[in-house]
Each structure stands twice: as C-alpha cells, then as structure tokens.
Amino acid sequence: MRTTDSMTNILAIMKREFFGYFGSAVAYVFIVIFLMLLGFFTFYISNFFEMGQADLQGFFQWHPWIFMFLIPAVAMRLWAEERRMGTIELILTFPVTVWEAILGKFLAAWAFIGIALVLTFPMVITAAYLGNPDLGATFCSYVGSLLMAGAFLSVGIMTSSLTRSQVVSFIIAIVICLFFILAGFPPVIRALSGWAPAWLVDLVSSLSFLTHFMSIQRGVLDLRDVFYYASVIFFMLFINSVVIQNRRTA
Amino acid sequence: MIEVKSLAKRFGTKTAVDDVSFKVEKGEILGFLGPNAAGKSTTMRMITGFIPPTSGAAVIGGHDILTESIPARRKIGYLPENAPVYPDMSVFDYLAFCAEIRGFGRADRNRKVEETLEKCFLTEVKGQTINTLSKGFRQRVCFAQAIIHDPEYLILDEPTDGLDPNQKHEVRLMIREMSARKAIILSTHILDEMEAVCTRAIIIAKGRIVADDTPAALKTKSSLHGAVSLTLLGGSPESFISKVSAINGVASAKILETEGEAFKVRIFPDAPDAAILNNILSTLSDNDYRPGAIFVEQGRLDEVFRRITA
C-alpha cells in the first residue's frame, strides 16, 4: 500500500518537474546548447574527421566537461526556486515524504538529461556511416554518461537545497563538480603522483567521476563503477534530505 | 479534532512560540489573532508539519503530525501565508497536480478539479498560466488547492490578505459555508474579519496565548463595554454631565464632541453589567432633553486587542 502510494507521489512530482522544463525555455535552451557544444568540441577540438578513426572517443571525452556547466544549470531551480517562491511550504505539507519529493525531482531532471543525451544519436549514425565503431562500447559509454550525469545532477540538486538563490546554487555545484572531475584528470594525477604515496593517488583518482567514466568507456560495464555512481548519487540525495529537513523556515 | 499540546518553537535563543495549547472541534472556526511576528505563522507551520516543534505536539484527528505524519497531513488542507503557487503552470494543471498528490486517480481527478474550480469561482481562468493572474485570483487558486480533497481540517494563514472587499466577502462566505463539517483555523490581523467569521478567537502575543474566548465575550473586556453613548440636540453640556453623574450606577461621563447646539456624551457604568440605560432615559425625559441618537456600546475589539497584546 505504502509503496504504491510512494510511486504515485514520486510520479506526480516527477511529471510536474519534467513538464516544467518544457513549459519554460529552459529545456530548449539546454538541449540546443548541449548539442551545439558537443558538436563543436567533437568536430573542431577533437578533430573527429581528421582523426581518420570511426570511434566515439573524441565525442564522449567532452561529456564530463559539458555536464559540469550545464547540469548545475538544470538542477539549480529544483529546490532554490521552491524556496524562493514559498511553494516549498506546500510541497512539504502535502502527504508526501521528503524522499519522495527529492526522488521525484531528481528523476525528472535525470530523464530530461537522458533525452538530451538520446538526441546526440546523429553522432553514432555518423560514425557508423563512416566506419565500424564498436557499438557495444558506444552503448556502454552512453550508460556511463547517463550515470555520470546522475552524479553531477545529485550534486546540483543538493546545492540547490542549500539556498534560495539559483545563482549561488549554480556556482557551488560547479565548484564541487570541478573537484570531482579534477581528482581524476590526468595532469592532476601526474602532479600528485610526484610526491604523494600511491594509495593516496589511487584514493583521490577513484573518487573522480572521470576515472570511472573512462573505465566504462572501454566497453566494460563494471559493477564497481555503477556502484560508485550510485553511491555518489545516494550520498548527495541524502545530504539533500538532511538539509531540507533541517531548514528553519522557507 | 485538532489538538495542540504545549507547542513551542525556539530559533536559537529567540522563542517564537511558547507553550501554546488549544483544541479545535469540527464546526468551529478558530480565529488566530495577533500582531505581526507574534508567532501565528510559526504555530500554523508546526501544526501542518512544515517545521518541527522544539517541544510539544500537534495531533490531527488522532494522528500526531510528527510520528504519523502522512495520515495526519492527508486530513489537512493548508493555505500558507502569501498563497504560494507554481507561477508557470496553468490553473487547471496546477490543481490537477494537487489532486494527484492528494491521491485522486485519473478518473476522479478532472471531475474534482472542475468541481473545485467552480466552488472557488475560477472556471473562467482555468486555462490561464498562474503568473498572468492578479493577486486575488492567485489567492483563490491556492485556496482551491487547500480544499480540493475536502479535508476535515483547514488551516488558513491570512486567507483574505491582499483581496479587495468583494473578494474578502466571497472568501468569508466560502469559509463559513464549509465550517459545518470541518474544523477551521484561520489567522488574521483584521479584527472585523474575525468578528464576521470566527466562532472563537485566540489572541497570541510574543508567542503566548493571551486570550481564548468567543468574539462576543472578548468584546466585554473592552472598557467601552456597557457604556452609553448619546447625542443631545441642545442644552448645556456641563449641567447634563453633572446630572447623569449623579445617577445610580454611573461611574463617569464625558463629552466627546460638540457641534453647534448639539453634543455627544459617553456615560460609563461603574460595573459592566450595571443597567444604567433606564435611569439615563428617565433623566432625559424628566429634564426635557432632546436626544438625537442613543446606543449601548458592545465594546471594541481593537481596544481589547491593543490592551492585551501591547
């Protein structure tokens, strides 16, 4: 009984948030910019055509960097807007739990990003037309990208709950996301391994979105990587629930 | 029944609500009165489960709002202060969302929304986006949200705030109409409103309950209660004052204003229930005064309010 109620509540909130994106310009602006940036980086920076290789490495490698800026923008309104408008007082006095509200919002934004990701399919078609890309690895990369997007998103929704200001939420989210990327960024790892003990280097790099994304991109969907993203998401959503439950007023 | 037991809320060292207890039964409309920042909204937020109390409890129809939160919330309809609504949704979609959250299945939902739209005079704007609506309409949309599931308990934080007199009248009518089957708590700082709508009033100041009574009984606490005001069309004010002051049961009398020949006098009894009117009337006829108007004061709520909350 309780679980079906929960599902209905999560679904109701999810629907409202999801169509909320399409009701405003946010959705279209996001999708257009996302696709344009990805195309630009893939074709002009990674030189997709000049590489002479029909693999999507040069396409997926940009995902973390683009997510870092765009996903906090998708997430920033989720709680900050409710707090600013005062509607948080309604949603938290409805017969829904804090977790149902958080999951509804999170899943809506995640589904939305998923759609943006699906719309990059012409990349795959292009590569398949030009050559013979490893479709299994491509599929894994998409799954990895979606998981990573979820992790970015969980950071964004958490920072959104901290403040009434979307701008503040956006900036804090970018800083945290940058940390999660840089911890596995090869130049940082190299600088670190110059003096730090190996276990520390491993620890830092294993905290990074980048390390796990690269490992999935190789075409192996390792359970450890999936578990990593799932635990980041859970941890961030947990902080989110603590913040929401302990806020003093709206 | 809503039962509030020694509810208290502290923000740091500041006590916003201090040991507030009361009960509201079905059929009652409880007016929650107090100056700004007296703790009205904080109390309502604790009753609806928006913020947890520092101590004490609120029990809604047998369910504690903290420990049995979901069943308790199901029974409540809540109109928060400033009537927050999602501005980028249409009125219909918004209410459909609220109905869905309140557990109405697809089949019942539209019917329920249409019904509520009609009840709140919103049918004409149902397709409009909420941010294109005026303040009065928004207030009604949020009100509609609160009653869409026909809750047993209604908690309304300043339900007529920002409405014009006609809209205020409509909202008050709606509230009164629903009151037979519901327990309603409404906060306001408009005293006329409380008098017009509420069956009982709680006055709260600095977080504490300072009065809990019917509006009529509260009025009797006014120093004006039982005083007789009269306008005389002629004669000497001074000699009249000395005559009425001699009447048995009269404590004092004073001239409020004079206008040409006419003057207005207020006569205070020495005890609120002393029947002085009869004696005054006979004094008037014995001395051939010509009264223009005469009435017995009921007492004034604003005076009572000021005295006990200041």
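Start with the cysteines: over all chains the structure holds 0 disulfides, a disulfide being a pair of cysteine sulfur atoms within 2.5 Å. Select C98(B). C98(B) is in no disulfide, and the nearest cysteine sulfur, that of C142(B), is 8.1 Å away. C98(B) is buried, at a relative accessible area of 1%. Buried means under 20% relative accessible area, exposed over 50%, and partly exposed in between (1.4 Å probe, protein chains only). Then pick C140(A), which counts as buried at 10% relative accessibility.

Before going on, note that this is a predicted model, in which local features need pLDDT of at least 70, side-chain atom pairs count only at pLDDT 80 or more, and totals for chains, interfaces and linings use all residues. Residues are numbered from 1 along each chain as its sequence is written, chains are lettered from A and ligands numbered from 1 in the order in which they are written, and side-chain values use heavy atoms, with hydrogens and water left out.

**Chain A**

Select chain A and colour by secondary structure. Chain A has 14 helices and 0 strands. Helices (H or I, at least four residues) and strands (E, at least two) are DSSP runs, numbered from the N terminus.

Turn chain A along its principal axes. The C-alpha trace spans about 60 × 45 × 35 Å. Chain A has a radius of gyration of 19 Å, which agrees with the value near 18 Å for a compact globule of 250 residues. That radius is taken over C-alpha atoms, and the globule rule is 2.2 Å times the number of residues to the power 0.38. Of the 250 residues of chain A, 51% count as buried. Among contacts between residues at least 6 apart in sequence, 79% in chain A join residues at least 24 apart. Contact means heavy atoms within 4.5 Å.

Next, select residues 77-85 of chain A, helix α5. Its buried residues are R77(A), L78(A), W79(A), A80(A), E82(A) and R83(A). Step just past α5(A) to G86(A), where phi is positive, about 85 degrees.

**The cores**

Now show F209(A), F22(B), I47(B) and Y94(B). Of the 150 residues in the largest nonpolar core, these four touch the most other members. A nonpolar core is a set of buried Ala, Val, Leu, Ile, Met, Phe, Trp, Tyr and Cys residues joined through side-chain atoms within 4.5 Å.

What is F209(A) in contact with, leaving aside its neighbours within four places in sequence? The partners are M148(A), A151(A), F152(A), V155(A), F180(A), Y228(A), Y229(A) and V232(A). A second, separate core has 16 residues, including I241(B), A253(B), F263(B) and I280(B).

**Chain B**

Switch to chain B. Chain B holds 11 helices and 14 strands. Its C-alpha trace spans about 80 × 45 × 30 Å along its principal axes. The radius of gyration of chain B is 25 Å, but a compact globule of 310 residues would have one near 19 Å. Buried residues make up 55% of the 310 in chain B.

Colour chain B by domain. The assignment, from an automatic or database source, gives domain 1 (2-219) and domain 2 (228-299). Taken over C-alpha atoms, the centres of domain 1 and domain 2 of chain B are separated by 45 Å.

Zoom in on strands β1 (residues 2-11) and β2 (residues 14-24) of chain B. They pair in the antiparallel sense over 7 bridges; two strands pair if DSSP finds at least two bridges between them. I2(B) stands opposite V24(B) in β2(B). The hairpin has 2 residues between the strands, and G12(B) takes a positive phi near 65 degrees.

Stay in β2 of chain B and select D19(B). D19(B) is not a glycine, yet has a positive phi of about 55 degrees. D19(B) counts as partly exposed, at 42% relative accessibility.

Move to N82(B), in the loop between β6 (76-79) and α3 (91-101) of chain B. N82(B) is not a glycine either, yet has a positive phi of about 65 degrees. N82(B) is exposed, with a relative accessible area of 53%.

Finish at K206(B), in the loop between β9 (200-205) and β10 (208-213) of chain B. Is K206(B) buried or exposed? At 67% relative accessibility, K206(B) counts as exposed. Leaving aside neighbours within four places in sequence, K206(B) is in contact with A38(B) and T309(B). Add G34(B): the C-alpha atoms of K206(B) and G34(B), 172 residues apart along the chain, are separated by 8.6 Å.
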